Amino acid sequence: MEEKSQVTRENYAADISSIREAQQRIRPFIHRTPVLSSETLNSMVGRKLLFKCECFQKGGAFKFRGACNTIFSLDDAQAAQGIVTHSSGNHAAAVSLAAKLRGIRAYVVIPKNAPQCKVENVRRYGGQIIWSESTIESRENIATKVLQDTGATLVHPFNDGRIISGQGTISVEFLEQAPQIDTLIVPISGGGLISGVALAAKSINPGIRVLGAEPKGANDAARSKEAGRIITLSQTDTVADGLRAFLGDLTWPIVRDFVDDIVVVEDKEIIEAMRLCFEILKVAVEPSGAIGLAAVLSESFRNNSTFRDCKNVGIILSGGNVDLAVLWDSFSK
């Protein structure tokens with residue numbers, strides 16, 4: 001499909017050219033993830049739903065795309081000093097794996113409340129874990145100290161043009177696999193994923209609608225869109241541990257200009273969407289990964305007349321790193 005948008009990097013941190021470059025750079029390393037559908041779920045919502053399964057990506061989440069693009073963009077001198085990041089889980093694992101493939105050291109600042117399954121992924125991929133408190137401020141302060149001590153390069157979880165470009169490759173693939181999509185529903189947190197997805201999608205098909213999906217207990221992006229400026233929250237409270245970050249100064253302009261709306265859902269709706277993914281799609285997703293389905297099933301989406309013409313809806317299942325220890329324990333009782 002011809003790319004028609006006039007989006008340029010003079011205005012934003014990434015554009016379709018940087019996304020195409022990222023696609024070529026990461027192609028040898030990533031999975032081209034499949035697209036699934038379900039007639040049962042289609043009948044529940046009265047629309048065609050198409051699921052881009054980034055839960056099957058290396059590292060178990062979409063984050064590997066941006067991490068891979070960033071780390072393989074480093075020159076040899078930068079790479080020799082290693083990289084530093086801070087993350088509650090999926091980005092940490094993605095950076096650790098990409099660094100392992102590049103053959104460099106990864107210093108990973110992780111909050112003490114990160115899910116154990118995500119911590120184990122970091123260990124599995126060889127990341128050097130440095131613990132922080134659960135706040136963003138603690139994570140960033142410790143990461144800054146590690147940068148000063150090591151001379152390594154920061155790989156930010158979302159507020160980086162290379163990260164945004166890597167995540168945007170999802171749109172390129174998705175619209176090649178399912179060009180009939182008229183609406184994309186994307187989890188939103190710090191905005192790296194939805195920024196890349198929106199930039200690529202609007203460049204390929206300017207008429208496509210891009211919607212964010214956000215938990216009510218961490219609805220800073222929805223509030224930011226309403227206020228026309230970045231809003232942060234004093235605290236977040238949601239089962240979706242991957243959606244607790246706030247928009248950055250690079251992601252906000254893209255969200256502001258290219259994301260059409262944000263659907264806010266309750267945690268109970270996210271959990272129900274997880275159950276449907278497990279039972280009907282037969283796909284293991286984490287809460288952050290299920291929120292797109294939760295959004296399209298929500299009353300706020302289904303009763304909104306603006307969305308009535310959303311007939312072919314693409315949903316990004318962003319990750320599948322869910323701690324199933326409670327489930328396995330229940331089987332042994």
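Leaving aside neighbours within four places in sequence, which residues is Arg65 in contact with? I began my notes there, bearing in mind throughout that this is a predicted model.

**Arg65**

I found Arg65 in helix H3, which covers residues 63-71. With those sequence neighbours set aside, I listed its contacts as Ile26, Ile30, His31, Thr33, Lys52, Glu54, Gln57, Gly166, Gln167, Thr169, Ile170 and Glu173. I then looked up its accessibility and noted that Arg65 counts as buried because its relative accessibility is 0%, the cut-off for that class being under 20%.

**Helix H8: Ser171 and Glu176**

I turned next to two residues of helix H8, Ser171 and Glu176. Ser171 has a relative accessible area of 1%, so I entered it as buried. Beyond residues up to four places away in sequence, I saw that Ser171 touches Leu184, Val197, Ala200 and Ala201. For Glu176 I read a relative accessibility of 44%, and therefore put it down as partly exposed. Its contacts, with residues up to four places away in sequence again not counted, are Arg20, Gln23 and Arg32. I also checked the spacing between Glu176 and Ile204, which lie 28 residues apart along the chain, and recorded 10.0 Å between their C-alpha atoms.

**The nonpolar cores**

Which members of the largest nonpolar core touch the most other members? I noted Ile181, Leu184 and Val186, out of 37 residues in that core. The elements that each supply at least two of its residues are helix H1 (16-26), helix H8 (161-177), strand E7 (183-187), helix H9 (192-204), helix H10 (220-227) and helix H11 (251-258). Of these, H9 gives the most, with eight residues. A separate core of 35 residues lies apart from this one, and I marked Val263, Leu276, Leu281 and Val285 among its members. As background to both entries, I recalled that nonpolar side chains tend to be buried together in soluble globular proteins.

I followed Ile181 further and, without counting residues up to four places away in sequence, found that it touches Leu50, Phe174, Leu175, Asn205, Ile208, Asn312 and Gly314.

**Strand E7**

Is E7 mostly covered or mostly open? I found five of its five residues buried, with Thr183, Ile185 and Pro187 on one side and Leu184 and Val186 on the other, so that both faces are covered. Looking for its partner, I traced a parallel pairing over five bridges with strand E8 (residues 209-215), and in that pairing Ile185 stands opposite Leu211.

**Helix H13**

I checked helix H13, residues 287-297, and found it mostly covered, with 11 of its 11 residues buried. Among them I noted Pro287 and Ser288 as well as Val296 and Leu297.

**The largest pocket**

How much space lies in the largest pocket? I entered about 730 Å³. Of the 41 residues that line this pocket, I marked Ile136, Arg139, Asp241, Arg244 and Ala245 as the closest to its centre. Helix H5 (90-102), helix H7 (136-150) and H9 are the elements that give two or more residues to the lining, and H9 gives the most, with three. When I sorted the lining by residue class, the residues divided into 16 nonpolar, 19 polar and six charged. I closed by writing H9 under two headings, as the element that gives the most to the largest nonpolar core and also the most to the lining of the largest pocket.

Note on methods
Residues numbered from 1 in each chain as written. Predicted model: local features only at pLDDT ≥ 70, side-chain atom pairs only at ≥ 80, totals over all residues. Heavy atoms only, no water. Core = buried A, V, L, I, M, F, W, Y, C linked by side-chain atoms within 4.5 Å. Buried < 20%, exposed > 50% of the residue type's maximum accessible area, 1.4 Å probe, protein only. Helix = DSSP H or I, 4+ residues; strand = E, 2+ residues; numbered from the N terminus. Contact = heavy atoms within 4.5 Å. 1 Å grid on protein atoms, 1.4 Å probe; cavity = no way out; pocket = protein on both sides within 12 Å on 5 of 7 lines; lining within 4 Å. Points joined across faces, edges and corners; volume = space filled by probe spheres on them. Nonpolar A, V, L, I, M, F, W, Y, C, P; charged D, E, K, R; others polar. Pairing = 2+ DSSP bridges.
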